[in-house]
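Trainee: I'd like to learn how to read a structure like this one. Can you walk me through it?

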Amino acid sequence: FVYRKVTKSTPSSAEKMADEENIGNSAVKSIYGFACSIITILGFGLYLAWAFLPDAIIEKMGISYYPSKYWAIAIPQFIFVTFVVIQIMYQA
């Protein structure tokens with residue numbers, strides 16, 4: 001191994017500008033992350049409501065078209081089986 005001596009120098013103006021841009025980008029990323037987490041929670045809540053509420057209650061809420069309850073069970077199973085198959089194929 002070759003060891004080099006690292007000297008600390010003062011950052012140039014370009015490096016300072018890059019740091020300022022990264023700070024701005026991190027604020028935008030945190031806002032997008034927060035928005036995505038809220039959307040995910042709302043979507044999961046809607047999924048649970050669709051999966052567990054009886055059809056009569058959903059129709060009383062004014063929703064006349066929605067997927068069959070079969071898909072409330074089938075989609076998670078398909079995702080799980082896909083994940084397991086990918087893991088088995090990766091191990092092989």
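Mentor: Sure, let's take the features one by one.

Trainee: What should I know about confidence before I start?

Mentor: This is a predicted model, and where pLDDT is low, the predicted coordinates should not be read in detail. Here the chain averages a pLDDT of 84, and 74% of the residues score at least 70. Among the elements, helix H3 has the highest mean pLDDT, 94, while helix H1 has the lowest, 83.

Trainee: How many helices and strands does the chain have?

Mentor: Three helices and zero strands. Read from the N terminus, the order is α-α-α. Helix H1 covers residues 13-52, helix H2 covers residues 55-60, and helix H3 covers residues 70-91.

Trainee: How much of the chain is buried?

Mentor: Just 5% of the 92 residues count as buried. The chain exposes about 8,800 Å², with carbon and sulfur atoms supplying 70% of that area.

Trainee: Which residues form a nonpolar patch on the surface?

Mentor: Look at Phe80, Val81, Phe83, Val84, Val85, Ile88 and Met89; together they have about 690 Å² of accessible area. Take Val84 as one of them: Val84 sits in helix H3. Val84 has 30% relative accessibility, so Val84 counts as partly exposed.

Trainee: Now the aromatics. How many aromatic pairs are there in the whole structure?

Mentor: The search finds four. Phe44 and Tyr47 make a stacked pair, with 6.3 Å centre to centre and 25° between the planes. The angle is what makes that call, because planes under 30 degrees apart count as stacked.

Trainee: Why are Phe44 and Tyr47 separated by about one helical turn?

Mentor: Because they are three residues apart in helix H1. Tyr47 has a relative accessibility of 26%, so Tyr47 is classed as partly exposed. Add Trp50 to Phe44 and Tyr47 and you have one aromatic cluster.

Trainee: And what about charges?

Mentor: The general idea is that side chains of opposite charge can pair when their charged atoms come close. This structure holds one salt bridge. Asp55 and Lys69 form it, and their closest N and O atoms are 3.9 Å apart. That pair links distant parts of the chain, since Asp55 is in helix H2 and Lys69 is in the loop between H2 and H3, 14 residues apart.

Trainee: Are the two partners buried or partly exposed?

Mentor: Asp55 is partly exposed, with a relative accessible area of 35%. Lys69 also counts as partly exposed, at 24% relative accessibility.

Terms used:
Residues numbered from 1 in each chain as written. Predicted model: local features only at pLDDT ≥ 70, side-chain atom pairs only at ≥ 80, totals over all residues. Heavy atoms only, no water. Patch = residues over 30% accessible without salt bridge, like charges linked within 9 Å, V, L, I, M, F, W, Y side chains within 5 Å. Areas by Shrake-Rupley, 256 points an atom, 1.4 Å probe, with all protein chains shown as cover. Salt bridge = Lys/Arg side-chain N within 4 Å of Asp/Glu carboxyl O. Helix = DSSP H or I, 4+ residues; strand = E, 2+ residues; numbered from the N terminus. Buried < 20%, exposed > 50% of the residue type's maximum accessible area, 1.4 Å probe, protein only. pLDDT = per-residue confidence, 0-100. Phe/Tyr/Trp six-rings, centres within 6.5 Å; stacked < 30°, edge-to-face > 60°.
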